[in-house]
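Visitor: I should be grateful for a close look at a single part of this model, namely its salt bridges. Please explain the terms as you proceed.

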Amino acid sequence: MPTRRAVTGRSREPRARFAEELRLLRTARGDSLRQLGERLGWDWSLFGKMEKGETIGGPEVVQALDQYYETPGLLLAMWEVAISDHSQFKERYQRYMALEAEATNLWHFAVSVLPGVLQTAGYARELLAAGGLKGEALDQQVEARMGRRELLAGEDSPQFRTILSEAVLRTPLRDPRQWRQQLEYLQEVGERDGVTVQVAPFSAGLHGLTNADVMFLRLPEGRTVAYAENGYRGELVEETAPVERLQRAYDSVRDLALSPAESRKFILRILEEVPCDPLT
């Protein structure tokens, strides 16, 4: 699909518009990318990637650009819109994500991998690379995945509960340092108000959600929808009867799971088993 253009000739796609604005501001100043990097103290190649739309950078560099170009808050506001742009995700997720943005409560079950909202960049990169992504496509999807974490970061964040199969915690990353960072991040997020993390141990046995990850979304009008996903496809479930069947299965797993306090201790034990980096 061609990029939409406004009457000004500029893109209406948030990420493309952000990249265009960065390029226009720099050229209006008469700076080269290398000069911009030297003046702001960042690698100039980062600014090149941002202007090509290959990355949107982080809030720190965008704030520095706002200050340099004397556009207080403008670029940061555009960055916030760009990072939450649903078009960067595959089409099959877009309907789900639109509903997720409205949800007041989220309940999740994970079979074998952590949900995107709880992943570190290292975890996301290894997981997405295992799925066949590489190069710029991999970088873009890792960045998009990191934007997903904002869902649980704001004051108006929905209430979130995840039940993690023990298999999730017994499947480490190849790099022990990255795995340690992921477990530490999981512990940190689990301490936030409105976030509950539980572990379903292997001893819980077989149950109704053994074969699929599921996310339930409680919408403002009181309706609940579900998104069920395996390693190859996902399905948004909106019909009442199937959603209720999935909810009953979820409730049974929650009854089998460790309490939040016991789950924190369980994750801590896993963390203690990770080899320490001898250089730290």
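Guide: A residue is called buried when its relative accessible area is under 20%, exposed when that area is over 50%, and partly exposed in between. A salt bridge is a side-chain nitrogen of Lys or Arg within 4 Å of a carboxyl oxygen of Asp or Glu. Side chains of opposite charge can pair when their charged atoms come close. The model before you is predicted, and by this rule the count comes to 13 salt bridges.

Let us begin with Arg-148 and Glu-100. These two residues form a salt bridge in which the closest N and O atoms are 2.5 Å apart. Arg-148 belongs to helix 8 (residues 135–148) and Glu-100 to helix 6 (residues 91–100), so the pair ties together parts that are 48 residues apart in sequence. The relative accessible area of Arg-148 is 14%, which is under 20%, and therefore Arg-148 is buried. Glu-100 has a relative accessible area of 4%, so Glu-100 is buried by the 20% limit.

We turn next to Glu-273 and Arg-170. Their side chains meet in a salt bridge, with a distance of 3.3 Å from N to O. Glu-273 is in helix 12 (residues 260–273), while Arg-170 is in the loop between helix 9 (166–169) and helix 10 (176–190); the pair links distant parts of the chain, 103 residues apart. With a relative accessible area of 52%, which is over 50%, Glu-273 is exposed. Arg-170 has a value of 40%; this lies between the two limits, and therefore Arg-170 is partly exposed. The pair also belongs to a network of salt bridges, in which Glu-166, Arg-170 and Glu-273 are linked.

Helix 12 takes part in another such pair, for Arg-264 in this helix is joined with Glu-191, which lies in the loop between helix 10 and strand 3 (195–200). Glu-191 forms a salt bridge with Arg-264, and the closest N and O atoms are 3.7 Å apart. This pair, too, links distant parts of the chain, 73 residues apart. Glu-191 is exposed, as its relative accessible area is 53%. Arg-264, at 33% relative accessibility, counts as partly exposed.

To review the surroundings of these pairs: Arg-148 and Glu-100 are buried. Glu-273 and Glu-191 are exposed, whereas Arg-170 and Arg-264 are partly exposed.

Technical notes
Residues numbered from 1 in each chain as written. Predicted model: local features only at pLDDT ≥ 70, side-chain atom pairs only at ≥ 80, totals over all residues. Heavy atoms only, no water. Helix = DSSP H or I, 4+ residues; strand = E, 2+ residues; numbered from the N terminus. Buried < 20%, exposed > 50% of the residue type's maximum accessible area, 1.4 Å probe, protein only.
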